[in-house]
Amino acid sequence: MLAALLYAGAASAEGPPQGAPPPKLPPGVSAILWKISVPPGKEPTPEKVALGEKLFLDKRLSLDDSVSCSTCHDPDKGFVDGKPVSEGVEKRKGMRNSPTVLNAMFNATQFWDGRAPTLEDQAKLPILNPVEMAMPSPEAVVAKVRGIPEYAAEFKRVFGREVNFDDLASAIAAFERTQFSGSAPFDRFLLQGDGKALDASAKRGWALFNGKARCNECHAANATSPLFSDQKFHNIGIAAHKQDFVKLAQQGLRVVRTGDEKQIDELALQTEFSELGRFLVTKQDNDVGSFKTPTLRNVGITAPYMHDGSLATLWDVMDHYNKGGIANPFLDGGMQRLGLTEAEIDDVVAFLFTLTDERFAKLNAKELAKQRGRKNVRPERDTAVAMGKKGSLGDIGFSPNVQVKNPADIGVYGGEASEGKTADKAKAPAK
């Protein structure tokens, strides 16, 4: 089935029918996935994309002309800002780390807590949030943009009518739907059969990723789901060291108005209730402290990590998981110690850095060197817990002996990855 989908995606890219995605999709993005991810009528036309990009970069959409969408989602930095939490007008700080816009079009929901169902909904909220772009109302946004002559003309040309808030969000979303990413060394290795695209350490890391490290339980990836994310919400204990979740949830039940998008958006970025995560949206106990599994695409260049930007490096991330997270009453049942050695952690990190798109290769190398320079600063490391010498956090997972046979050498079609050329089987449809 997977081979058939890949083949169908490749065939579609060769000669797309009317309404199909652009012909030049990267190998890690299936043409079928692209089509089902774009709602009917929301296909990004060149004119709409151009307008959306202009709006995305324009600081005049903020109250004091100091902040644009790109302030927190810088295209040159992998569409993040590199800060633990983002800063809005007058340097006001929110409570959340900026997730990348790359591949956001494939997300089932938007934001760390999934409070926005579509890219159009997501585009509106930062413009109105008091600690982000701080515009007082949709009407104020429309009045300001209508007062800019080039926008007044462009909206009439693109949409056939005067500026309105829905069309503004639609244009930004159209631009974001062109920001897909799927041309990383890992894609050359797995989908194109290039055995030299990953070095020995990264190949061992890929085996660990799917084995002992158990990363693929939430970050699995395949041709029809290229994000390395299950799109679900999990409490992995990131905020447990600074919150009494039980007390906070009880307070939240009294405060949060289910379905009030504006209130939830403000609580998520301005108050201690931010740490309740998905609970703000659902008010369900099993969502307390849960946040969306982020994509691992381009993870090497999108530090710092987690919803609050509290983990500086991928070594810190691995240390957090290696000890089973931080205990709290709502910890996800899948969290347990991993028992990874230091060498194994290095291999997983090496693999994760192969998930960065080739267009960011220089930045990726720079970030790898920067993070490697912090390897001796490990605030999350607890080797005694990770190795089972303290506490009781389960048995470690099984991994094959990669010296005998590394599963990473077996491609998606069951064939051997070749040394520097595309495997023959990668060209043939499934039978």
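Here is a short chat about how some labels in this predicted model are earned.

Reader: What should I know before we start?
Author: The model is predicted, so local features need pLDDT of at least 70 and side-chain atom pairs count only at pLDDT 80 or more, while totals for chains, interfaces and linings use all residues. Residues are numbered from 1 along each chain as its sequence is written, and side-chain values use heavy atoms, with hydrogens and water left out.

Reader: What makes a set of residues a nonpolar core, and how many residues has the largest?
Author: The label goes to buried Ala, Val, Leu, Ile, Met, Phe, Trp, Tyr and Cys residues joined through side-chain atoms within 4.5 Å. The largest such core here has 35 residues, and F209, F228, Y305, L314, F351 and L352 have the most contacts inside it. Two or more residues each come from α9 (185–190), α10 (200–209), α15 (314–322) and α16 (342–352). Of these, α16 gives the largest share, five residues. Helices here are DSSP runs (H or I, at least four residues), strands are E runs of at least two, and both are numbered from the N terminus.

Reader: Which residues does L314 touch?
Author: Setting aside neighbours within four places in sequence, L314 is in contact with V299, G300, Y305, V349, L352, F353 and Q371. Contact means heavy atoms within 4.5 Å. There's also a second, separate core of 33 residues, with V89, V145, F165 and I172 among them.

Reader: Why is the pair K124 and D166 called a salt bridge?
Author: The term asks for a side-chain nitrogen of Lys or Arg within 4 Å of a carboxyl oxygen of Asp or Glu. K124 and D166 come in at 2.5 Å, N to O, so the pair fits. K124 sits in helix α5 (residues 119–128) and D166 in helix α8 (residues 165–176), so the bridge ties together parts that are 42 residues apart in sequence. Searching the whole structure turns up 30 salt bridges. One network of them links K54, D58, R60, E150 and E154.

Reader: Is D194 buried or exposed, and what about its partner R188?
Author: Buried means under 20% relative accessible area, exposed means over 50%, and partly exposed is in between (1.4 Å probe, protein chains only). D194 has 18%, so it counts as buried. R188 has 27%, so it counts as partly exposed. The closest N and O atoms of these two are 3.8 Å apart, and they form a salt bridge.

Reader: Why is P136 called exposed?
Author: Its relative accessible area is 59%, and the cut-off is over 50%, so the label holds. P136 lies in the loop between α5 and α6 (138–146). P136 and L63 are 73 residues apart in sequence, yet 8.0 Å apart in space, C-alpha to C-alpha.

Reader: What makes R214 worth a look?
Author: R214 has a positive phi of about 60 degrees although it is not a glycine. Most residues other than glycine have a negative phi, and most peptide bonds are trans. R214 is in the loop between α10 and α11 (216–219). At 17% relative accessible area, R214 is buried. R214 also forms a salt bridge with E217, the closest N and O atoms being 3.1 Å apart.

Reader: Where else is there a positive phi, and which peptide bond is cis?
Author: Q231 has a phi near 65 degrees, and Q231 is in the loop between α11 and β1 (233–234). The cis bond runs from A303 to P304, with omega near -5 degrees. P304 belongs to the loop between β2 (291–292) and α15.
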